[in-house]
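User: Got a minute to walk through a structure with me? I'll throw short questions at you and hop between topics.
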Protein chains: 2
Amino acid sequence: MSLTPDSAVRTYIEQHRAAFLDDLTAWLRIPSVSAQPDHAPDVRRSADWLAAKLTETGFATVEVWPTEGAPAVFAEWPSGDPDAPTVLVYGHHDVQPAAREDGWNSEPFEPVVRGNRLYARGAADDKGQVFFHTLGVRAHLAATGRTAPAVNLKLLIEGEEESGSPHFRALVEERAERLAADAVIVSDTGMWAEDTPTVCTGMRGLAECEIRLYGPDQDIHSGSFGGAVPNPATAVARLVAALHDERGRVAVPGFYDGVVELTDRERALFAELPFDEERWLRTAKSRATLGEAGHTTLERIWARPTAEVNGIGGGYQGPGSKTIIPSAALVKLSFRLVAGQDPNHVEKAVRAWAADQVPAGIRCEIDFGSATRPCLTPLDHPALQAVARAMGRAFEGPVRFTREGGSGPAADLQEVLGAPVLFLGISVPSDGWHAPDEKVELDLLLKGVETSAYLWADLAENWRPTP
Amino acid sequence: MSLTPDSAVRTYIEQHRAAFLDDLTAWLRIPSVSAQPDHAPDVRRSADWLAAKLTETGFATVEVWPTEGAPAVFAEWPSGDPDAPTVLVYGHHDVQPAAREDGWNSEPFEPVVRGNRLYARGAADDKGQVFFHTLGVRAHLAATGRTAPAVNLKLLIEGEEESGSPHFRALVEERAERLAADAVIVSDTGMWAEDTPTVCTGMRGLAECEIRLYGPDQDIHSGSFGGAVPNPATAVARLVAALHDERGRVAVPGFYDGVVELTDRERALFAELPFDEERWLRTAKSRATLGEAGHTTLERIWARPTAEVNGIGGGYQGPGSKTIIPSAALVKLSFRLVAGQDPNHVEKAVRAWAADQVPAGIRCEIDFGSATRPCLTPLDHPALQAVARAMGRAFEGPVRFTREGGSGPAADLQEVLGAPVLFLGISVPSDGWHAPDEKVELDLLLKGVETSAYLWADLAENWRPTP
Ligand SMILES: [Zn+2]
Ligand SMILES: [Zn+2]
């Protein structure tokens, strides 16, 4: 295994760095905010801009795929080698809303470089991280003398990620044949810190539900009836209180069925990371940690399933008081799932548990939304090893492993395409995703280019996926 | 003890019934809605109308007392006997909002008689029940040949009861000397049923609080942080779940301190009432009873202290889902109190209990509003016996005893004036307080007049309050 950087790659990147940043800046000027209908033309313009750039980059096929919402961009560049692995890069070209008055120090859609940072909405999430692949593949060709990449390279850059990817699953199912791949590379996450390059090995899944409890047909007077009939607000609180046991474990029978426990090696790798709990608490804007007994904070957020209350409500919440027994109450719960858990099984378990908790006289309705499966790639997977090696060459040092506590549409690609998901991202926690003054560190962005430049040859050389 | 009705009283009422109803109808035409600022002139007009009518009735002193809100009416008619008891009648001249389109079959402020019922907003709550005292005292004089009532009679008819009596306590404290009385008669409640005359012997008190729990400084992402920091919505739910034990008793240590338990006789009197639980459940618009073990429904709502959730809220409550850990959550609780409980002691107990429940990393704020004390007059109190006797003569049958689960400003009179509170009301559950088609049963209204006519002589004859 070589961790030696390639001087040809570095020279090529150095030579093309200015044009690359100019291009990225032009793309960042397009306010492709998918959540705001008046920006729909901008999202389309962003897709068209990217499609033109990918054609210019050399992709053999570039298509803008319409959806019922915003369009995605698909590109394909065959290697010419029938035995080469096929890799699908996932990212998104839409961005979060942003306005100067939210606290930005410059216009969010007028990119500026201050110090060694490029500030703009989408700089890190996700245009910058999509875009490093364009210069990456060119550097790969220049350094290897190839005219096509060493792997069959596909890109799918969606346009609705910041709106919850409402049409993504359908798009992937419909286009499954075109998207077929041996591995999915997600470039929409980050790494541990500026000085700690890491590869993420998995994301948690997500099942969400709303539980509504109904008591009296209308709000009734708490003086006349208080103490004598079931109160749905009390019942919903008892339901939530019963959700965890005293060790912080989810108390829904069957919830942990199938959970893939952390290995000792994985726990050791997590423990190796320079984790500063005080600093993490500041990021969490919280004052204490609390969670499942017997697990560290990193284990809790990356590798343990959870049940969390996202919202609770019922009765009078305005100023002052109102002496009522409310007619209804609700709670919104989200369950983060880890490898081995089946969202359908979790849904059944939660429904049975809730029905069991609710007292006589209270009617219970539960709605589950569409779930996201967890994904996890084993540490010894050859493609994961290749990603770590390519990153190690770019950063000239050891690469560590993390996971991601959140959940993303990448899980749909894993499920529909039956391919493992790998994560290649160079964003850092200070990049300010979804916040004012979003930026990308220019040094890290170019390390992303470099990693991408090394990855395709490494993968082709060291991995022959079994069909 | 005589339960014989007085033919002179009945004759007088029969002769003056038409004029009495005409007058009441005129008063009901004034839309004295205290909760709606544009009706403020009507509330003032209602006070002036009543003051004029009380002067015409014969009261020696009649005054309209301004408050920072709507005015109250005070009237006084001394008996001339220095040893006679002094009685203060409490009621209110303001009404709940009402509009034809809420489901009324006639205009709420255009009183109509249909069958033997008078329909209008305020017919039962509370103009009708205030007004029966005017004809009552005249019938008392006519039948006894007196020129002044047998007791020193005072009236205090407030104008903000339907708005929560915000200035009542201050008014009573300021005018305590003028209001001084040996007993307070509240005519703003009702009786069990058309065929079951009852006297209410007490009301529960009320302490209300809002508990706010603060976690993260802002909503944080449940994927990134879920399972590792305390969630204030979960904490508020656990607080509510811990509020009761498995026997339905309030689990706040010290909450029951001082509670006057029901005697066997009181329990037997409650059990005598023709209580139909199915029918009661329909009134409660509920499907099951639930409450403190070892007590009947009537005991639970009349004589047992409770803790009830009036509102709970935190995080996202809109459509769909939002994967957050909310930064804050709140619960609004009301505690109904019974005789022997001190609201200040309850407040201290709840504060200590809540502080004890909240996990590390969650900040807790509690606000208590102003409390209402419980009131309870012993069954053997001579004034209570007199009320029951007067009602028994009017209804020509046995009178039973109830309590009231709600709480009212009468408790302020009890506390400030140091006088026992008695209840004299003839409204029935079907009268539709605060609802469309409010009405009063004309037969019962005249029984109210008759009870009032018997009461003052009975009180003067059978009760010499110790000063
Ligand atoms: Zn993103
Ligand atoms: Zn009233």
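User: Let's start in chain B: where does D126(B) sit?
Analyst: D126(B) is in the loop between β5 (117-119) and α3 (127-144) of chain B. Helices here are DSSP runs of H or I with at least four residues, strands are runs of E with at least two, and both are numbered from the N terminus.

User: Before we go on, what are the ground rules?
Analyst: Residues are numbered from 1 along each chain as its sequence is written, while chains are lettered from A and ligands numbered from 1 in the order in which they are written. This is a predicted model, where local features need pLDDT of at least 70, side-chain atom pairs count only at pLDDT 80 or more, and totals for chains, interfaces and linings use all residues; side-chain values use heavy atoms, with hydrogens and water left out.

User: OK, back to that loop. What kind of peptide bond joins D125(B) and D126(B)?
Analyst: A cis one, with omega about 10°. In chain A, D125(A) and D126(A) are also joined by a cis peptide bond, omega about 10°.

User: And which residues coordinate the zinc ion (ligand 2)?
Analyst: H92(B) through NE2, plus D125(B) and D188(B) through OD, at 1.9 to 2.3 Å. Donors are N, O and S atoms within 2.8 Å of the metal (3.2 Å for Na, K and Ca), and water is not among the atoms, so sites may look incomplete.

User: How are those donor residues spaced in sequence?
Analyst: The pattern is H-x32-D-x62-D. H92(B) is in strand β3 (residues 86-92) and D188(B) in the loop between β7 (183-186) and β8 (198-203) of chain B, so this pair ties together parts 96 residues apart in sequence.

User: Is H92(B) buried or exposed?
Analyst: Buried, at a relative accessible area of 0%. D188(B) counts as buried too, at 9%. The cut-offs: buried is under 20% relative accessible area, exposed is over 50%, and partly exposed is in between (1.4 Å probe, protein chains only).

User: Switching topic. What rotation superposes chain B on chain A?
Analyst: One of 180°, with 0.0 Å of shift along its axis and an RMSD of 0.1 Å. The two copies are thus related as by a two-fold rotation axis. The fit is by least squares on the C-alpha atoms of residues with pLDDT of at least 70 in both.

User: How many residues does each chain put into the contact?
Analyst: 70 from chain B and 70 from chain A, with contact meaning heavy atoms within 4.5 Å. Of chain B's interface residues, 100% are also interface residues in chain A, so the copies meet through the same surface.

User: What area do chain B and chain A bury between them?
Analyst: About 5300 Å², 54% of it on carbon and sulfur atoms. That's the accessible area (1.4 Å probe) that two parts lose on being put together, summed over both.

User: How many salt bridges cross that interface of chain B and chain A?
Analyst: Two, where a salt bridge is a side-chain nitrogen of Lys or Arg within 4 Å of a carboxyl oxygen of Asp or Glu. R287(A) forms a salt bridge with D217(B), their closest N and O atoms being 2.5 Å apart.

User: And over all chains, how many salt bridges turn up?
Analyst: The search of the whole structure finds 64. One of the pairs is E365(A) with R212(A), at 2.8 Å between the closest N and O atoms. E365(A) lies in strand β14 (residues 363-368) and R212(A) in strand β9 (residues 205-214) of chain A, so the pair ties together parts 153 residues apart in sequence. E365(A) is partly exposed at 28%, whereas R212(A) is buried at 15%.

User: Which residues make up the salt-bridge network?
Analyst: R169(A), E173(A), D342(A), R373(A), D412(A) and E415(A) are linked in one.

User: What does the domain assignment give for chain A?
Analyst: Domain 1 (7-204 + 375-462) and domain 2 (205-259 + 305-368); the bounds come from an automatic or database domain assignment. Their centres, taken over C-alpha atoms, are 39 Å apart.

User: How much do domain 1 and domain 2 of chain A bury between them?
Analyst: About 440 Å², 61% of it on carbon and sulfur atoms. On the domain 1 side, R204(A), L376(A) and S407(A) lose the most area, together 85% of what that side buries. The rule finds zero salt bridges across this domain interface.

User: Last one: which sign does phi have at E396(B)?
Analyst: Positive, about 55°, although E396(B) is not a glycine. E396(B) is in the loop between α12 (382-395) and β16 (400-404) of chain B, and is exposed at 51%. D437(A) likewise has a positive phi of about 55° without being a glycine, but D437(A) is buried at 17%.
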